[in-house]
Amino acid sequence: MKTKTHLLSLMLCAFVLSGCSSIMMKYFGIRNIDRFDQKGYDNFINRLPDDVPYTALIGTAAQFDSVIHISSSEITQHIACQPIQMLYFKADSLAAWHVNCTGKPSGRTLNWNYDRNFEAFPPKSIYSCDSLGVTLQAYRDIYPEIATGSSYTVIVFWTNMMTRISQTAAKTVFDNYRKYAKGRDIRIYLINNDLFFAQMK
């Protein structure tokens, strides 16, 4: 397993904040975590709007480690190790994948829709999904709570290590649902991965 320092460096590099200092980390609300904070988790969930249906899950460290290794491809693993991710599946096929390294810094958070990618459903993908070798079934094998049979499935990974940016990601997904997908057969899952980052030394 990668060390915490290596993963954080990778995350910040991908975050388009080269040369990022502790001051910049504080500015963007990025912090180290050493435990799962139930109060912080509850605060995040309680701030979400209640007009968008979703299922909230708390993933284990082992589950997110399996996500990182969901493919043998180094490129896919690099994408899958990012703390904040938004994956859109049409049936079993990946239709769009956005991670924190594809957002653009805006104020003290990230603008995920800087290129109007989220002005459609599913959103336009930053990556060529067919080349990444990722299926929804692979995620169901890791998270049994993900149901079968939906036309579309959206998975959002988030962490209180980057609370503000996680909130912006959730808002982007919910806004996209309201504007372009309301009434469709869609299931949305918000999966917290704090236990993975908290246990890293």
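Start by selecting T55, which lies in strand β1. The model you have open is a predicted one.

**Stop 1: T55**

Is T55 buried, exposed or partly exposed? Its relative accessibility is 35%, so T55 counts as partly exposed; that class sits between buried, under 20%, and exposed, over 50%. Now show what surrounds T55. Leaving out residues up to four places away in sequence, T55 touches I188, Y189 and L190. Of these, Y189 is the bridge partner of T55 in β7. Next add I146 to the selection. T55 and I146 are 91 residues apart along the chain, and their C-alpha atoms are separated by 8.9 Å.

**Stop 2: from β1 to β7**

Select residues 55-58 for β1 and residues 186-192 for β7. These two strands run parallel and are joined by four bridges. How many of the residues of β7 are buried? Six of the seven are, so β7 is largely enclosed by the rest of the structure.

**Stop 3: from β7 to β6**

Add residues 152-158, which are β6. β6 and β7 are paired in the parallel sense, over seven bridges. To see one position in this pairing, select F157 and I191: I191 is the bridge partner of F157 in β7.

**Stop 4: the whole sheet**

Which strands make up the sheet, and in what order? There are five, arranged β1-β7-β6-β2-β3 in an open sheet with mixed pairing. At the edges stand β1 and β3 (93-99), and each has a single partner strand, so one side of each is left without a neighbour in the sheet. From one strand to the next, the twist averages 15°.

Now go to the β3 edge and select β2, residues 85-90. Here β2 and β3 pair in the antiparallel sense, over six bridges. Select Q85 together with V99, its bridge partner in β3.

While the strands are on screen, one general point helps in reading them. In a regular strand the side chains alternate between the two faces of the sheet.

**Stop 5: helix α3**

Select residues 38-46, which form helix α3. This helix lies across β1, β6 and β7, and runs at about 165° to β1. At the start of α3, show the side chain of D37: one of its oxygens reaches to within 3.1 Å of the backbone nitrogen of K39.

Which residues of α3 are buried? They are G40, Y41, F44 and I45. Turn the view to look down the axis of α3; the buried residues fall within an arc of 135°, so they line one face of the helix. A general rule about helices is useful here. An α-helix has 3.6 residues a turn, so residues three or four places apart point the same way.

Select K39 and N46 next. These are exposed residues on the face of α3 turned away from its buried side. Then go back to the buried side and look at what covers it: the cover includes β1, β6, β7 and α7 (163-180).

**Stop 6: the whole chain**

Clear the selection and show everything. The chain has eight helices and seven strands. Of its 201 residues, 51% are buried. The chain exposes about 9400 Å², and carbon and sulfur atoms supply 49% of that area. Among contacts with a separation of 6 or more, 75% are between residues 24 or more positions apart.

Note on methods
Residues are numbered from 1 along each chain as its sequence is written. This is a predicted model: local features need pLDDT of at least 70, side-chain atom pairs count only at pLDDT 80 or more; totals for chains, interfaces and linings use all residues. Side-chain values use heavy atoms; hydrogens and water are left out. Two strands pair if DSSP finds at least two bridges between them. Axes are lines fitted to C-alpha atoms, for helices over the stretch in contact, and angles run from 0 to 180 degrees between N-to-C directions. Contact means heavy atoms within 4.5 Å. Buried means under 20% relative accessible area, exposed over 50%, partly exposed in between (1.4 Å probe, protein chains only). Accessible areas come from the Shrake-Rupley method with a 1.4 Å probe; for residues, only the protein chains shown count as cover. The arc is that of the directions from the helix axis to the C-beta atoms. A polar contact is a pair of N or O atoms within 3.5 Å; within protein, one must be able to donate a hydrogen and the other to accept it, and residues adjacent in sequence count only if both atoms are side-chain atoms.
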